[in-house]
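Could you show me around a structure I have never opened before? I have the viewer running and would like to know what to select next and what is there.

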Amino acid sequence: MVSLTGCSTITQSDTQTIAVTASYDGKPVEADCSLTNDKGTYTARTPANVMVHKSGEDLSVTCKKDGLPDGLLVAISRAAGSMWGNIIFGGGVGAIIDHSRGSGYDYPYQLAVKMGESTVIDKRTESGQQANAHQQESDAIYN
């Protein structure tokens with residue numbers, strides 16, 4: 001049975017395409033954004049689809065536009081389902097490989113940056129109430 005289970009390295013890529021948008025006062029704006037994690041820094045002008053290397057580390061996004069306050073966003077990295085299957089059925093070696101390559105993790109697929117705000121996005125968050133709790137935690141850490 002162990003030999004039949006595939007690890008994330010085989011079933012998933014170590015990159016992910018993410019849609020990035022920016023807005024100010026509810027209206028879309030073109031902004032220059034920098035997305036950063038421990039695997040690299042990626043740049044884009046919104047709206048854009050950006051290919052990033054996945055990681056167990058969160059993805060930080062900073063968007064800038066002349067005349068507007070910066071928009072900040074943190075996208076929480078979460079273990080993909082295949083990572084959990086690898087740990088349960090495949091043992092530690094595959095999980096270590098998937099962790100180091102980043103293929104065992106995912107970011108939220110859509111990142112909506114609000115200029116002048118600091119936001120945390122977690123694909124596991126199902127309600128605005130949970131998102132507000134993450135925002136308050138983030139504010140407490142950075143303030």
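Here is a tour in short stops, each with something to select.

**Before you click**

This is a predicted model, in which local features need pLDDT of at least 70, side-chain atom pairs count only at pLDDT 80 or more, and totals for chains, interfaces and linings use all residues. Residues are numbered from 1 along each chain as its sequence is written, and side-chain values use heavy atoms, with hydrogens and water left out.

**Stop 1: the whole chain**

Start with a cartoon view, where the chain has four helices and eleven strands. Helices (H or I, at least four residues) and strands (E, at least two) are DSSP runs, numbered from the N terminus. Of the 143 residues, 37% are buried; here buried means under 20% relative accessible area, exposed over 50%, and partly exposed in between (1.4 Å probe, protein chains only).

Now switch on the surface. About 8,300 Å² of the chain is exposed, and carbon and sulfur atoms supply 54% of that area. Such accessible areas come from the Shrake-Rupley method with a 1.4 Å probe; for residues, only the protein chains shown count as cover.

**Stop 2: the five-stranded sheet**

Select β4, β3, β6, β7 and β11, which in that order make an open sheet with mixed pairing. Two strands pair if DSSP finds at least two bridges between them. At the edges are β4 (40-45) and β11 (118-121), each pairing on one side only. Neighbouring strands of the sheet are turned by 20° against each other on average, direction ignored. For that angle, axes are lines fitted to C-alpha atoms, for helices over the stretch in contact, and angles run from 0 to 180 degrees between N-to-C directions.

Zoom in on β7 (residues 71-75), which pairs with β11 in the parallel sense over four bridges. Pick V74, and you will find V120 of β11 as its bridge partner.

**Stop 3: the disulfide**

Which residues form a disulfide? Select C33 and C63, whose sulfur atoms are 2.0 Å apart. C33 lies in strand β3 (residues 32-37) and C63 in strand β6, so the disulfide ties together parts that are 30 residues apart in sequence. The torsion about the S-S bond of C33 and C63 is about 110°, so this disulfide is right-handed. Both C33 and C63 are buried. A search of the whole structure finds one disulfide (a pair of cysteine sulfur atoms within 2.5 Å).

**Stop 4: salt bridges**

Next, show the charged side chains: a search of the whole structure finds five salt bridges. A salt bridge is a side-chain nitrogen of Lys or Arg within 4 Å of a carboxyl oxygen of Asp or Glu.

- Select R45 and D32, whose closest N and O atoms are 2.8 Å apart in their salt bridge. R45 lies in strand β4 and D32 in strand β3, so the pair ties together parts that are 13 residues apart in sequence. Add E30 to the selection, as E30, D32 and R45 are linked in a network of salt bridges.
- Select D106 and K54, a salt bridge with its closest N and O atoms 3.3 Å apart. D106 is in strand β9 (residues 105-106) and K54 in the loop between β5 and β6, so the pair ties together parts that are 52 residues apart in sequence. D106 is buried, with a relative accessible area of 11%, and K54 is buried too, at 4%.
- Select D70 and K64, which form a salt bridge with the closest N and O atoms 2.7 Å apart. D70 is partly exposed at 33% relative accessible area, and K64 is partly exposed at 47%.

**Stop 5: β1 and β5**

Move to β1 and β5, which pair in the antiparallel sense over six bridges. T17 stands opposite M51 of β5. In a regular strand the side chains alternate between the two faces of the sheet. Colour A48, V50 and V52 for the covered face of β5, then N49, M51 and H53 for the uncovered one.

**Stop 6: three loops**

What kind of peptide bond runs from T46 to P47? The bond is cis, with omega near -5°, and P47 is in the loop between β4 and β5 (48-53).

Next pick D25, in the loop between β1 (15-24) and β2 (27-28). D25 has a positive phi of about 55° although it is not a glycine, and it is exposed at 65% relative accessible area.

Finish at D66, in the loop between β6 (59-64) and β7. Is D66 buried or exposed? With 80% relative accessibility, D66 counts as exposed.
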